[in-house]
Amino acid sequence: MHEKYAPEGISPVERPAAATARACSNVALVKYWGKVDERGRVPATGSLSVTLGGLKTETTVAFSDRDGPDLVVLDGRSLGGREAARVASFLDLVREIAAVHGRPVGAASVRSVNYFPTAAGLASSASGFAALAGASLRAAGLGGSEDELATLARLGSASAARSVHGGFVELVPYMLESGAWNARTARVAAEGHWDLRVLVAVVDAGYKPIGSTPAMARTAATSPYYGGWLETWGADLADARDSIIARDLERLASVTEHSALKLHALTMTSRPPVQFLRGPSIETMHAVWDLRTSGTLCAFTADAGPNIKVLCSAADEERVRAALMSVQGVQSVRASAVGGPMEVVGHDVDPVAWRGASGEHEEPSQEAGDGE
Ligand code: PMV
């Protein structure tokens, strides 16, 4: 088990045949970039996200009593290679926790469906690992608090910790007395607090120059601006938190863009450089500034990829959508309201893919698509 992960708040419950959980993706308004502990996936900087209600993942997990390889099917496709290994090592952690609680479980069968077009480059490790954490813990016959689930989800993907809570969520690193690092999550406000929209402008579905984990390591090692990044996130986080509590979109817009542009300045000034943005990404940023100049309050942000996410009030959604769609190179725009927490939605449903005796499994029908 991960040495710093002490599952104190986890307790045995009745073990179901299988468990299903749903979680939304999220986008950070104040970004994290860099890790202080790679293995524990502890971010080097605090972050604050808004949960994306329109981008959901549903995951069902069933554990066998026998050992063997895990079977993982995502959107009807059996995972192999590094993707499968990442899920398997996460499930190993759940198996270790289950064993500690006297609930030993064997190989898992996992079926996960993204209720949004993954082909549009919107696949999300945040919603995926949040749903996997909820479903796998429950399927192993264990219950845990939201905080415990967030910690577990973080060990799959740091940003997944924020998807467990829903609404507006902080993820902040802290140092233990031993000198080791951990991180805590906190909900700043629930989803009903503020009726905002996040519009995702898809500009390039397929482009992925480098994964975020190696890109973060390169930035920390080579960008001359990394020191400034570490010094300034605390002020950004406080600014964003206060803006959300006060529902002050103008102030939130300013810190959101500042944080995103600092992150991209870091990657561009790494050696060798990493440029996640494409031409249409920059044009979309200009379209957002044009909207603001003409009186529509909105702000952009961008993660480790070329798609641009735009924050605005519910009342301005259609105006912002029209402006984004008119940018050359924007392929589609998908709006989300503020989403809620991860939920375990079913126990005791039939194991979906497990064929224990033979180790074979059945591919579920392709049912990914618009879940709204
Ligand atoms: O935790 P990961 O590997 O999903 O990395 C997330 C990094 C950013 O999306 C760029 C920033 C963030 O805070 O979500």
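How far does a polar side-chain atom of Ser212 lie from an oxygen atom of the ligand, and what is that distance in Å? Keep in mind as you look that this is a predicted model. In it, the gap between that Ser212 side-chain atom and the ligand oxygen comes out at 3.2 Å. Taken alone, the ligand would expose 380 Å², and the protein buries 90% of that.

Ser212 has company around the ligand. There are 13 residues in the surrounding shell, and the ones that come nearest are Ala28, Tyr32, Ser159, Arg162 and Ser212 itself. Sort the shell by character and you get 6 nonpolar residues, 4 polar ones and 3 charged ones. Tyr32 is worth pulling up on screen: one of its polar side-chain atoms sits 2.6 Å from an oxygen atom of the ligand. With Ala158, look at the backbone instead, where an N or O atom lies 3.5 Å from a ligand oxygen.

Now leave the ligand and turn to a pair of helices. Helix H2 covers residues 125-139 and helix H3 covers residues 146-154. The two pack with their axes 9 Å apart, at an angle of about 120°. Why call H2 oblique to H3? Angles of 65 to 115 degrees count as roughly perpendicular and those over 145 as roughly antiparallel, so an angle of about 120° falls into neither group and H2 ends up oblique to H3. As for handedness, H2 and H3 make a right-handed crossing.

Two spots in the backbone round off the tour. Follow the chain to the loop that joins helix H7 (249-268) to helix H8 (279-293), and you'll find Pro272 there. The peptide bond leading from Arg271 into Pro272 is cis, and its omega is near -10°.

The other spot is Arg41, in the loop between strand E3 (35-37) and strand E4 (42-43). Arg41 isn't a glycine, yet its phi is positive, at about 45°.

Key: Residues numbered from 1 in each chain as written. Predicted model: local features only at pLDDT ≥ 70, side-chain atom pairs only at ≥ 80, totals over all residues. Heavy atoms only, no water. Near = heavy atom within 4 Å. Polar contact = N/O pair within 3.5 Å; in protein donor to acceptor, adjacent residues only side chain to side chain. Areas by Shrake-Rupley, 256 points an atom, 1.4 Å probe, with all protein chains shown as cover. Nonpolar A, V, L, I, M, F, W, Y, C, P; charged D, E, K, R; others polar. Axes fitted to C-alpha atoms, helices over the stretch in contact; angles between N-to-C directions. Helix = DSSP H or I, 4+ residues; strand = E, 2+ residues; numbered from the N terminus. Parallel < 35°, antiparallel > 145°, perpendicular 65-115°, else oblique. Left-handed = near helix turned anticlockwise from the far one by under 90°.
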